[in-house]
Amino acid sequence: MFDGQSAYSSQRINLVQWTASFWLRRDADVNGRIALKYDDPNQGFVFSMQANRPYLTINGAVDLFAPSAISSGVWHYLAGSHDGTTARFYLDGAQVASQVVPYTADSAGAVLGLSMHGALDEVRL
């Protein structure tokens with residue numbers, strides 16, 4: 001688990017079809033990146049938070065937003081996937097957004113971390 005401060009762990013992988021998931025507890029009302037996988041901002045994916053609302057960005061261009069903000073101090077389960085055709089975003093076990101979008105694979109490392117106050121647990125890729 002991360003210590004509630006900005007912290008990262010990285011591993012180099014190359015994905016075309018993928019699923020990423022983790023538990024998130026945010027401790028303050030902030031915007032920031034949660035977890036990402038890209039080297040070039042036009043490739044890969046990134047989970048972020050804006051106005052306390054989580055979202056998943058694909059290839060730096062397509063944003064899939066949760067329908068509403070999430071509470072601070074509460075654990076939430078976030079997941080995203082791409083099957084080669086469609087990107088999907090899940091919040092607390094329910095699919096909240098999807099869109100047909102090509103995925104540009106890269107050979108960048110997966111950087112899993114938190115750039116906001118909170119914690120991550122059970123990160124899976």
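Which strand does Arg-26 lie in? Let's keep that one in mind while we look around this predicted model.

**The big picture**

Start with the whole chain. You'll find eleven strands and zero helices here, so to speak a β-only pattern when you read along the sequence: β-β-β-β-β-β-β-β-β-β-β. The protein chain has 125 residues, and 45% of them are buried. Its accessible surface comes to about 6,100 Å², with 45% of that belonging to carbon and sulfur atoms. Now take the contacts with a separation of 6 or more: residues 24 or more positions apart account for 62% of them.

**Inside the core**

The largest nonpolar core has 22 residues. Which of them touch the most other members? They are Leu-24, Ile-34, Phe-45, Phe-47, Leu-56, Ile-58 and Phe-89. Several strands chip in: β2 (18-26), β4 (45-50), β5 (53-58), β6 (62-65) and β8 (86-91) each supply at least two residues. The top giver is β2, with four residues. As a rule, nonpolar side chains in soluble globular proteins tend to be buried together.

**Two buried residues to click on**

Back to the opening puzzle: Arg-26 lies in strand β2. Is Arg-26 buried or exposed? Its relative accessible area is 3%, which is under the 20% cut-off, so Arg-26 counts as buried. Its side chain reaches the backbone oxygen of Ile-70 at 2.5 Å.

Next, find Ser-48 in strand β4. Ser-48 has 7% relative accessibility, so this residue counts as buried too. Which residues is Ser-48 in contact with, leaving aside neighbours within four places in sequence? Gly-32, Arg-33, Ile-34, Arg-53, Pro-54 and Tyr-55. One of these, Ile-34, is also on the list of core residues that touch the most other members.

**Two hairpins sharing β8**

Strand β8 pairs with β7 (residues 75-82) in the antiparallel sense, and β8 also runs antiparallel to β9 (residues 94-100). Here are the two hairpins side by side.

| Hairpin | Bridges | Between the strands | Residue with positive phi |
|---|---|---|---|
| β7 and β8 | five bridges | three residues | Gly-84, near 105 degrees |
| β8 and β9 | six bridges | two residues | Asp-92, near 50 degrees |

To see the pairing for yourself, look for Ala-79, which stands opposite Tyr-90 in β8. Then jump to Thr-86, whose bridge partner in β9 is Val-100.

Technical notes:
Residues numbered from 1 in each chain as written. Predicted model: local features only at pLDDT ≥ 70, side-chain atom pairs only at ≥ 80, totals over all residues. Heavy atoms only, no water. Core = buried A, V, L, I, M, F, W, Y, C linked by side-chain atoms within 4.5 Å. Buried < 20%, exposed > 50% of the residue type's maximum accessible area, 1.4 Å probe, protein only. Contact = heavy atoms within 4.5 Å. Polar contact = N/O pair within 3.5 Å; in protein donor to acceptor, adjacent residues only side chain to side chain. Pairing = 2+ DSSP bridges. Areas by Shrake-Rupley, 256 points an atom, 1.4 Å probe, with all protein chains shown as cover.
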